[in-house]
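Thanks for coming, everyone. Please look at the sequence and the structure together while I talk.

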Amino acid sequence: METGTTGTSVKASSLRWKILRQAILRKPNADEQSEIGIKRITRKTKQGFNLLPCHLVDDASHSSDVTVCYTLPIDSAPKLNLTQRMVDHAELSDFEICNKYNIDNTGLVCQWPSEEVLAYFCLSHADMFRSKRVIELGSGYGLAGLVIAAVTEASEVVISDGNPQVVDYIQHNIDANSKAFGGTRVKSMMLHWNQNEISNISSTFDLIVASDCTFFKEFHNGLAQIVKFLLGKAQPSEAIFLSPKRGDSLDKFLEKIKENDLRFSLQENYDAEIWKHHTEFMNGAVSWPSYQKDHCYPLLIRITV
C-alpha cells in the first residue's frame with residue numbers, strides 16, 4: 001500500500017519508527033505505550049476464531065520463521081503449510097522497506113483473525129469461486145487465497161500484497177503447496193493500490209477478496225479505486241471484503257466506495273458458524289482476552305460496479 005500525500009507519509013513513517021522503538025525496548029513505560037497507542041493501532045492477537053484447525057510444524061528454514069499446517073474441515077481437502085514470521089519478531093530492514101516503498105508492514109506482523117474468517121467463508125462458499133478469476137488484495141501470508149486455490153476449482157487465483165517481503169512469503173507458500181491446486185493457476189503479485197502501470201489486469205477479475213484492509217484511512221481512496229479498476233465490466237463481478245468497523249475507519253472507506261461510483265451491501269450475520277464463535281467470545285463462553293466486536297469481528301461487505 002502507498003500513502004497519498006507527503007503529510008500522511010511522514011505521519012505513517014513516524015508511527016512506524018515509534019513502533020520499532022517499542023519493539024527494541026521490549027518493555028515500554030506506560031506513557032510511551034499510551035503515546036503510541038499500539039493496541040488501538042494493531043489489535044495484534046495470538047488468538048483467532050479457531051475456524052481452521054492448525055498446528056506448528058518444526059521445519060522452518062529460518063529462525064525467525066515458523067511453518068503452520070492448516071487442516072481444512074472438509075472431506076478430501078489437502079493440508080496447507082504456510083511459512084510466516086514468528087509473532088513479535090521485527091527487523092530493522094522491515095521498517096526501512098516500509099519507508100522506501102511507503103507501505104505498512106501489517107502483513108508481516110501475524111496471521112490476522114479476519115484472514116482466517118475470510119478463508120473459512122471462502123471454503124464454506126466454494127461454489128461462488130468455481131471457474132472464476134480471483135485476486136486477493138493485501139493478502140499477508142496468503143491463507144485465504146491458498147484456500148480458494150486448493151478447494152474451489154477457481155480458474156485462476158492471484159495472491160497480492162504491496163510489501164515485497166510479504167510477496168516473497170506468498171510465493172514461498174504457493175510453491176510449498178503447489179500440488180494442492182489441481183488445475184487452478186496460482187501466482188503471487190506485488191500490487192500497490194495506487195499503482196498505475198497495471199493496465200494488463202484492468203477489468204479482468206470476477207471476484208476480489210480482502211480481509212481487514214480498511215483500517216488505514218490514508219489508503220482508502222487507493223483501495224476503492226483499485227477495486228473499481230480490477231473488477232470485470234463485461235460479466236457480473238464483485239469484491240468481498242471482511243473488515244471490522246475499527247472506530248469510523250470502515251464507514252470512511254465505504255464513503256470512498258460511493259465516491260468512486262461503486263455500490264455496496266453490509267451484512268453482520270453472514271455465516272452461522274462464524275456468528276456462533278463471535279457470540280461465544282462476546283458472552284465469555286469462550287475466552288478471548290480483550291475481544292471487542294468493533295475491533296475484532298469482521299463484517300461482510302460486498303462491492304459491485
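K217 is partly exposed, at 39% relative accessible area; partly exposed means between the buried limit, under 20%, and the exposed limit, over 50%, with a 1.4 Å probe and protein chains only. Keep in mind that this is a predicted model: local features need pLDDT of at least 70, side-chain atom pairs count only at pLDDT 80 or more, and totals for chains, interfaces and linings use all residues. Residues are numbered from 1 along each chain as its sequence is written, and side-chain values use heavy atoms, with hydrogens and water left out.

What does K217 pair with? It forms a salt bridge with D248, and the closest N and O atoms are 2.5 Å apart. A salt bridge here is a side-chain nitrogen of Lys or Arg within 4 Å of a carboxyl oxygen of Asp or Glu. This pair links distant parts of the chain, 31 residues apart. D248 sits in the loop between β8 (238–243) and α10 (249–259). K217 sits in the loop between β7 and α9 (220–230). A word on those labels: helices (H or I, at least four residues) and strands (E, at least two) are DSSP runs, numbered from the N terminus. D248 is partly exposed too, with a relative accessible area of 34%.

Why can such pairs form? Side chains of opposite charge can pair when their charged atoms come close.

How many salt bridges are there by this rule? The count comes to ten. Take R133 and E156. Their closest N and O atoms are 2.7 Å apart. R133 lies in strand β4 (residues 133–137) and E156 in strand β5 (residues 156–161), so the salt bridge ties together parts 23 residues apart in sequence. R133 is partly exposed at 25% relative accessibility. E156 is buried, at 6%.

Next, R302 and E238. This salt bridge has its closest N and O atoms 3.0 Å apart. R302 belongs to strand β10 (residues 299–304) and E238 to strand β8, so parts 64 residues apart in sequence are tied together. R302 is partly exposed, with a relative accessible area of 26%. E238 is buried, at 15%.

There is also a network. Salt bridges link D127, R130 and E153. Look at E153. It sits in the loop between α7 and β5. It is exposed, with a relative accessible area of 54%. Its phi is near 60°, a positive value in a residue other than glycine. S203 is another residue with positive phi, near 55°. S203 lies in the loop between β6 (185–190) and β7, and it counts as partly exposed at 26% relative accessibility.

Now to the inside. Is I208 buried or exposed? At 0% relative accessibility, I208 counts as buried. It lies in strand β7 (residues 207–211). Contact means heavy atoms within 4.5 Å. Leaving out residues up to four places away in sequence, I208 touches I135, L137, V227, L230, L231, E238, A239, I240 and F241. E238 is also the salt-bridge partner of R302. And the C-alpha atoms of I208 and E136 are separated by 5.8 Å, although the two are 72 residues apart along the chain.

S160 is in strand β5. It is buried, with a relative accessible area of 1%. Beyond four places in sequence, its contacts include I135, E136, L137, I170 and L191.

Which residues touch the most other members of the largest nonpolar core? L137, V227 and F241, in a core of 80 residues. Such a core is a set of buried Ala, Val, Leu, Ile, Met, Phe, Trp, Tyr and Cys residues joined through side-chain atoms within 4.5 Å. Helix α7 (residues 143–151) gives the most to this core, with eight residues. V227 itself is in contact with L137, I208, A239, F241, L262 and I303, neighbours within four places aside.

Last, confidence. pLDDT is the predictor's confidence in each residue, from 0 to 100. The chain's mean is 84, and 78% of its residues reach 70 or more. Where does pLDDT stay under 50? One stretch is residues 1–6, for which the model has 21 contacts beyond four places in sequence. Another is residues 19–45, with 37 such contacts. Where pLDDT is low, the predicted coordinates should not be read in detail.
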